[in-house]
Structure formats: C-alpha cells, structure tokens
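Welcome! Have the sequence and the 3D view ready, and try each task before you read its solution.

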Amino acid sequence: MEVKIVALENPKGYNVILGQAHFIKTVEDLHEVLVSSSPALKFGIAFCESSGPCLVRYSGNDEELVELAKRNALLLSAGHVFVIFLKDGYPINVLNAVKMVPEVCRIFCASANPIEVVLVETEQGRGVLGVVDGLKTKGVETEQDIADRKAFLRRIGYKL
C-alpha cells in the first residue's frame with residue numbers, strides 16, 4: 001500500500017465538489033440536478049468508473065469546466081470518485097441536491113480553496129482517505145473579524 005497526495009488542478013479558483021458515488025448513471029443524475037438548480041449555473045462533472053472499462057465518464061454545460069473535471073478525475077483515478085467544477089453558482093446552492101442523488105455515498109469537500117487529496121494505492125486500485133482543504137488555521141477571530149464576516153455575508157446576499 002502506498003499513500004499519495006494529489007493536488008487538484010484549479011488554476012482559476014473555481015468552486016469544486018469532490019465526492020464518491022457508486023454507479024455509472026451518477027454522471028447523468030448529477031447533470032440533471034445541477035442543470036435544474038439554476039439557469040445561470042455552469043459546470044463540468046467527471047466520474048471515475050471502477051469496473052468494466054474503468055473510464056472517466058463526464059458531462060456538463062461548460063467545455064472549460066468539463067475539461068478541468070476530466071483532467072482532475074484522471075489525476076485521481078480513484079474508485080467511484082466524482083469531481084464537479086462550478087461557475088456562476090456556489091456549492092451552497094447545490095450541495096444538498098447533490099447529496100440527495102441516490103448514487104452519492106459521500107462528499108469529501110466543497111471548496112474554492114487549494115485542495116490536496118490523500119489517496120491510498122493498492123494492487124487493486126486507488127481510494128480517497130481524505131482531503132486537505134485550504135490552509136492551516138492561523139488563530140481565532142477577533143471582534144473585528146466577526147464584524148467583517150457578518151458584513152461580508154450581507155454584502156454577498158446570504159444574510160439580511
């Protein structure tokens with residue numbers, strides 16, 4: 001067994017949802033959930049098939065995001081893992097719908113931060129042990145940080 005760290009490629013800092021599912025129709029079902037969530041949402045999905053031909057299956061409505069998802073899924077090459085890249089929308093807008101797709105087993109992360117995926121590789125294949133999402137915590141927020149956080153959430157429309 002060998003432990004590997006794979007950094008997701010995300011040069012433009014798009015939002016990413018990384019998860020695991022269990023069936024070939026995952027790509028189509030995720031596509032339907034995402035396309036019906038918002039007419040403005042742009043996305044690319046790729047899914048690592050884990051039996052039969054073991055291909056990266058993909059879909060989406062934005063070619064750049066589809067290519068990015070395919071490239072990252074192939075980098076991971078881990079059992080039944082899916083990668084979704086989002087533009088003109090956020091994970092918070094679709095995450096519960098993604099979780100409700102019957103094939104989805106788990107979500108590892110949803111983030112625009114730099115992401116490192118911790119993989120284990122055996123003779124049989126690869127699996128995700130976990131993720132490193134963003135940077136190490138630097139401290140505890142101050143009163144000013146609290147005020148800034150609250151102001152930010154209101155400025156972007158997520159709080160009244």
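The exercises below go through a predicted model, from its core to its largest pocket and its salt bridges.

**Exercise 1. The core**

Task: Find which residues of the largest nonpolar core touch the most other members, and which element gives the most to this core.

Solution:
- Step 1. Start with the members: the core has 22 residues, and Leu-18, Leu-76, Phe-85, Val-117, Leu-119 and Val-128 touch the most other members.
- Step 2. Now look at the elements. At least two core residues come from each of strands S2 (15-20), S3 (42-48), S5 (81-87), S6 (106-111) and S7 (115-121), and from helix H2 (63-76).
- Step 3. With five residues, H2 gives the most to this core.
- Step 4. Zoom in on Leu-18. Leaving out residues up to four places away in sequence, its contacts include Leu-76, Val-81, Phe-108, Val-117 and Val-131.
- Step 5. Another core, of 17 residues, lies apart from this one; Phe-43, Ile-45, Ile-84 and Val-98 are among its members.

**Exercise 2. The pocket**

Task: Describe the lining of the largest pocket.

Solution:
- Step 1. The largest pocket has a volume of about 260 Å³.
- Step 2. Its lining is made of 13 residues, and Ser-50, Ser-77, Ala-78, Gly-79 and Arg-126 lie nearest the centre.
- Step 3. Sort the lining by type: five residues are nonpolar, six are polar and two are charged.

**Exercise 3. Salt bridges**

Task: Work out where Glu-103 and Lys-25 lie, and whether each is buried or partly exposed.

Solution:
- Step 1. Recall the idea: side chains of opposite charge can pair when their charged atoms come close.
- Step 2. The side chains of Glu-103 and Lys-25 meet in a salt bridge, at 3.0 Å from N to O.
- Step 3. Glu-103 is in the loop between helix H3 (91-99) and S6, and Lys-25 is in the loop between S2 and helix H1 (26-35), so the pair ties together parts 78 residues apart in sequence.
- Step 4. Buried means under 20% relative accessible area. Glu-103 has 3%, so it is buried, whereas Lys-25 has 36% and is partly exposed.

**Exercise 4. A pair within a helix**

Task: Find what separates Lys-70 and Glu-67 in helix H2.

Solution:
- Step 1. Lys-70 and Glu-67 form a salt bridge, with their closest N and O atoms 2.9 Å apart.
- Step 2. Because the two are three residues apart in H2, about one helical turn separates them.
- Step 3. Lys-70 is partly exposed at 22% relative accessibility, and Glu-67 is partly exposed at 32%.
- Step 4. Elsewhere, salt bridges with shared partners join Glu-2, Lys-4, Glu-121 and Arg-126 into one network.

Terms used. Residues numbered from 1 in each chain as written. Predicted model: local features only at pLDDT ≥ 70, side-chain atom pairs only at ≥ 80, totals over all residues. Heavy atoms only, no water. Core = buried A, V, L, I, M, F, W, Y, C linked by side-chain atoms within 4.5 Å. Buried < 20%, exposed > 50% of the residue type's maximum accessible area, 1.4 Å probe, protein only. Helix = DSSP H or I, 4+ residues; strand = E, 2+ residues; numbered from the N terminus. Contact = heavy atoms within 4.5 Å. 1 Å grid on protein atoms, 1.4 Å probe; cavity = no way out; pocket = protein on both sides within 12 Å on 5 of 7 lines; lining within 4 Å. Points joined across faces, edges and corners; volume = space filled by probe spheres on them. Nonpolar A, V, L, I, M, F, W, Y, C, P; charged D, E, K, R; others polar. Salt bridge = Lys/Arg side-chain N within 4 Å of Asp/Glu carboxyl O.
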